[in-house]
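Subject: Structure handover

Hello,

Please find the structure below. My notes on it follow.

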Amino acid sequence: MGDHTLARLSAPAPASARLTRRQKAAIIVRFLLKEGADISLSDLPDDMQAQLTTQMGSMRYVDRGTLADVVAEFAGELEAMGLTFPKGVAGALNTLDGRISPQTAARLKKEAGVRQFGDPWEQVRNAETEALLNIVQTESVEVSAVLLSKLDVMRAAELMGELPGQTARRVALAMCQTGAVTPDAVDRIGLSLAAQLHNVPETAFDEGPVERVGAILNYSTSLTRDDVLTGLDEEDEGFAALVRKAIFTFANIPERLSPIDVPKVTRDVDQAILVMALATATKAEDTLPAAEFILENLSKRMAESLREEIAEQGSIKQKDGEAAMTQVINAIRQLEANGEITLEIPEEEDQDAG
């Protein structure tokens, strides 16, 4: 036992013991890249990236034994590591995405600052044109010049095309002065612009009031829907008009559904439900055109079969008939959500007409 211990203590130290941790890191990175590993170092602090690059540039080669020792030591450290945590608040938010409330996540994002969420210029480049246009129209021409310089050419041309002629000329002239702008200044400008994009008031609902009221009325009975719309007309005619455009009922089928998509809809609706819906629709003046629209855009044989079944329908309760028509509408909505059909957008009414 004593001889074994003595032999172990007298054994030469591994070659890796003579290396600094920075040298070992350079060896590991070079080894991984040589083996084809796709590693990203951009999340490291700038000074650490610079030190690693400088260290790699100063080294020439290591022998196989040294490489084996460094890799073994690195593997040993990985095996000893029991658990890792995400870096910073941004990493923690990504890990907990969907598991904490949107309100808490939004508050933490603001407290952590824009930089926590990646490259600010990436956020600027992904912003809507309208949002960027608002920034350009309120910021100085120098900042706007930097902004356009950081966008790809096509996007910058699109944005400049939206600017008033005088503003576009001033920004273009300011771009000739961006050659002396330092990287730090560009970084600060990016942070400021990204912060502006994030500075949007939080809302409790994903959709606006028009869409929410329209969605509710889509599933309401015709009696309730007509009563609510009449009341809205009396209280706020403009809002009522927007809600009417957001509503999609059985009566709207001819103006919203393409004739070639009618067979797709009927295939997705149980025939008994379809017959009940069409039978109910043919008995009302406002829904009769929709029933005829569906029948006229089916094959002649299927249309005749449906007309025969409609004629044989007995008395249908209003509640059951409306439920059947709602199922047809639901089938259309589902096909639209799946991308199988595209509904037409209602045309704006000519306000000067009449």
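**Overall picture**

Of the 354 residues in the protein chain, 29% are buried (under 20% relative accessible area; exposed is over 50% and partly exposed is in between, with a 1.4 Å probe and protein chains only). This is a predicted model, in which local features need pLDDT of at least 70 and side-chain atom pairs count only at pLDDT 80 or more, while totals for chains, interfaces and linings use all residues. Residues are numbered from 1 along each chain as its sequence is written, and side-chain values use heavy atoms, with hydrogens and water left out.

The protein chain has 21 helices and zero strands (DSSP runs numbered from the N terminus: H or I of at least four residues for helices, E of at least two for strands). Contacts (heavy atoms within 4.5 Å) with a separation of 6 or more were also sorted by distance along the chain: 74% of them join residues 24 or more positions apart.

**The cavity**

Rolling a probe the size of a water molecule over the atoms shows where empty space is left. The search of the whole structure gave one cavity of 30 Å³ or more. A cavity here is a set of points, on a 1 Å grid over the protein atoms alone, where a 1.4 Å probe fits but cannot get out; lining residues have an atom within 4 Å of a point. Grid points are joined across faces, edges and corners, and the volume is the space filled by probe spheres set on the points.

The largest cavity holds about 30 Å³ of space. Its lining is made up of I253, L257, V262, V265, T266, I294, V328 and I332. Two or more of these residues come from each of α17 (262-267) and α21 (318-337), and α17 gives the largest share, three residues. By type, the lining has seven nonpolar residues, one polar and no charged (nonpolar: Ala, Val, Leu, Ile, Met, Phe, Trp, Tyr, Cys and Pro; charged: Asp, Glu, Lys and Arg; polar: the others, Gly among them).

**Rings**

There are zero aromatic pairs in the structure (rings of Phe, Tyr and Trp, the last by its six-membered ring, with centres within 6.5 Å). One charge placed over a ring can be pointed out: R256 lies over the face of F248, 5.2 Å from the ring centre (the criterion is NZ of Lys or CZ of Arg within 6 Å of the ring centre and within 35 degrees of the ring normal).

**Three buried residues**

V141 belongs to helix α9 (residues 141-150). V141 counts as buried because its relative accessible area is 17%. Apart from neighbours within four places in sequence, V141 contacts R170, V171 and A174. R170 is 29 residues away from V141 along the chain, yet their C-alpha atoms are separated by 6.6 Å. Seven of the ten residues of α9 are buried, namely V141, V143, S144, A145, V146, L147 and L148.

S220 sits in the loop between α13 (209-218) and α14 (222-235). Its relative accessibility is 18%, so S220 counts as buried. From S220 to T249 the C-alpha distance is 9.8 Å, with their positions 29 residues apart in sequence.

L229 is in helix α14. L229 is buried, because its relative accessible area is 7%. Beyond neighbours within four places in sequence, L229 is in contact with L217, V243, R244 and I247. L229 and V243 are 14 residues apart in sequence, and 8.2 Å apart from C-alpha to C-alpha.

Regards

Methods: 1 Å grid on protein atoms, 1.4 Å probe; cavity = no way out; pocket = protein on both sides within 12 Å on 5 of 7 lines; lining within 4 Å. Phe/Tyr/Trp six-rings, centres within 6.5 Å; stacked < 30°, edge-to-face > 60°.
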